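Trainee: I am new to this structure, and I would rather understand one part of it well than skim the whole. Please take me closely through a single chain, from its strands to its surroundings.

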Amino acid sequence: MTVRPGYYLRVLAVSMRTSLVTAMQYRADFLVQGAMSLLWTGLALFPLLVLYGDRDTVAGWDFAPALVVLGLFTLMRGVLEGAINPSLMAVIERIRTGAFDYTLLKPADAQFLVSTTRFAPWHVIDVLAGAGLVAYAFTRLGRAPGVAELAATLALLAAAIAVMYSLWILIVAAAFWVVRMDNLAFLLGAVFDAARWPIHVFKGAWRFVFTFIIPLALMTSYPAMALLGTLTVEAALACLGGAAAFFALARAVWLLAIRNYTSASS
Amino acid sequence: MIEVRDLKKHFKVHKRPPGLGAALRSIVHRTYQTVEAVDGVSFRIERGERVGFLGPNGAGKTTTLKVLSGLLHPTSGEVTVAGHRPQRRAADFLRQITLVMGQKQQLIWDLPPAETWTLNRAVFGVNPADFDRTLAELTELLELGELAQKPTRQLSLGERMKCELAAALLHRPTTLFLDEPTIGLDVSMQVTIREFIRAYNQRHDATVMLTSHYMDDVVALCPRVIVIDGGHIIHDGDLRALVKAMLPDKRVSFSGAAAADVLARLGRLVSRDGARTTLEVPEARLREVIGHLLDGDGIGDLAIEDPPLEDVMRKLFKGKPSEPPDAG
């Protein structure tokens, strides 16, 4: 399919508008979800406060830098739950019921369509709260990150989003073969939760797994280190390269899955 | 135009006997079986034709429609629809066809149908002027009225189907694959949908391929039927010719009393429902039988009809699990 950026932007805009209308349809739900987002952010602070209550440093991370990791975790969770999870959960359901057929009947790239079917707008609160935590951490440090650090962080966050998204696409692709993927989806959510801690907290095999297999380090610790100015250029480039490779892999698996797709009831 | 040559679609399915033990074993060791859903099917449908696609459960109807609309890759054989190979799912191909599945829905559950239509307008790249014109036409033909603004979850099944049809036709496709579009609808809604399909076919010279649970749909809409069974075509041609070949006798029905022994001489008794009697009479004897009946006292309301398509199907698929034919 030829790439038509204008066309895809228009479809994306309509799709986001539809999600917003859906969210507004249930006003009470919208408010409750917003409040929940704030509550979770607040609760996420507790373990960190307890941990740093009687010590100054954990695995080489002081409180303020660890708070930057938590802030980025909150931000990334907002992106994940607001822009990535809803669509892909919906797709898994559609594959199970066979309604996915209608997606394949549309003259647009199917991966694009399944990735943009649903958004959960209230998770903007998570993103703002996360950014707030990072800003607060820097006031505690008594300095502001430089422009280069900020740019590197944004690039790494984009890479991290690409990786999370790619993981999801791989799960959805797997759903074509095994149909029921809800549990794996929840497992991914649970594992992602570990990204609230700096990667150095994990030892040995876990650190390896969370760096290379399920790249949690890339999602929060590395962007935080970039923001704090402690990440090497080589590591940053490796992250970007790895994310690009992961994205390409997910795309290839997706195309293969579509080829093998046979709908739920034939 | 649709052209299908020696189409085969085979599935590999996981097979396990019933029971918990077998379920546990199947987690470790799975046995597979190949199902020949469609096994060497060929036909050609010209632009503007309305063709009924009939067969019992699991005959391969839905599989064929899915191959024709690009959802399934054929195992072998050649398929051309509107000048395209469907499995490539080219954007230009998808803009020319539509597949309506009576048992699945594309309307967004929580929102009014108009939102789904707007989304489809963007996805199909329909320009606003064409969109408005088509929507106005569909609104008139389907009598959509206020339905567009009601949340989908509040619509009745029939209202929802009308809106599903609108969603499927807003890009004005010229090839329509309709898989059980009237399933579960009441009789008057079935008639509405049927009339709509005919009107759309005539206005846009659209090709229609229809499967239906209800033989009335097929009789009303499709001069030609293709009958498929076990993945093979067993009839392709005129609907009347099929009826004549399978059940050559006519149905003669009338109201009024007639003695049992007289009836037995006239033809085979099909039913006696209150004052109304229906007989099966060979065409060659029709004149004689009618004459006799008209001579009789108190006989009126005489009608001569073809046997119902249901009976034809029943005879065709004798011993098959589903009668009348169902989604397959």
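Mentor: What follows is a close look at chain B, beginning with its outline and ending with two residues in a loop.

This is a predicted model, in which local features need pLDDT of at least 70 and side-chain atom pairs count only at pLDDT 80 or more, while totals for chains, interfaces and linings use all residues. Residues are numbered from 1 along each chain as its sequence is written, and chains are lettered from A, with ligands numbered from 1, in the order in which they are written.

Along its principal axes, the C-alpha trace of chain B spans about 70 × 55 × 40 Å, and the chain holds 12 helices and 13 strands (DSSP runs, H or I over at least four residues for helices and E over at least two for strands, numbered from the N terminus). Of its 328 residues, 39% count as buried (20 or more other C-beta atoms within 10 Å of the residue's own, against 12 or fewer for exposed and a number in between for partly exposed, with C-beta atoms placed from the backbone). If we take the contacts in chain B between residues at least 6 apart in sequence, 71% of them join residues at least 24 apart (a contact has C-beta atoms, placed from the backbone, within 7 Å). The domain assignment, which is automatic or from a database, divides chain B into domain 1 (38-243) and domain 2 (248-305), and the C-alpha centres of these two domains lie 40 Å apart.

Let us turn to the sheets. An open sheet of three strands in chain B has the order β2-β1-β4, and its pairing is antiparallel (strands pair if DSSP finds at least two bridges between them). Its edge strands are β2(B) and β4(B), each of which pairs on one side only. Between β1 (residues 2-15) and β2 (residues 31-45) of chain B there are 12 bridges, and here Val4(B) has Phe43(B) of β2(B) as its bridge partner. β1(B) is also joined to β4(B), residues 76-81, by five bridges; along this pairing Glu3(B) stands opposite Thr80(B), and Lys8(B) is the bridge partner of Ser76(B). On average, and with direction ignored, neighbouring strands of this sheet are turned by 30° against each other (axes are lines fitted to C-alpha atoms, for helices over the stretch in contact, and angles run from 0 to 180 degrees between N-to-C directions).

Chain B also has an open sheet of six strands, in the order β5-β6-β7-β3-β8-β9 and with mixed pairing. Its edge strands, β5(B) and β9(B) (232-238), each pair on one side only, and its neighbouring strands are turned by 15° against each other on average, direction ignored. Within this order, β3(B) (residues 50-54) and β7(B) (residues 207-211) run parallel and are joined by three bridges, with Gly52(B) standing opposite Leu210(B). Helix α9 of chain B, residues 239-246, lies across β8(B) (224-229) and β9(B), and runs at about 115° to β9(B).

Next comes the side of chain B that touches its partner, where 28 residues of chain B are in contact with 23 residues of chain A. The elements of chain B that give two or more residues to this side are α2 (61-68), α3 (91-94), β5 (97-101) and α4 (113-124), and α4(B) gives the most, with six residues. By class, this side of chain B has 14 nonpolar, eight polar and six charged residues (Ala, Val, Leu, Ile, Met, Phe, Trp, Tyr, Cys and Pro count as nonpolar, Asp, Glu, Lys and Arg as charged, and the others, Gly among them, as polar).

The last stop is the loop between β4 and α3 of chain B, where Ala82(B) lies and where Arg89(B) is also found. Most residues other than glycine have a negative phi. Ala82(B), however, has a positive phi near 50°, and Arg89(B), which is not a glycine either, has a positive phi of about 50°. Ala82(B) counts as partly exposed because 17 other C-beta atoms lie within 10 Å, and Arg89(B) is partly exposed with 19.

Key: Two residues are in contact if their C-beta atoms, placed from the backbone, lie within 7 Å.
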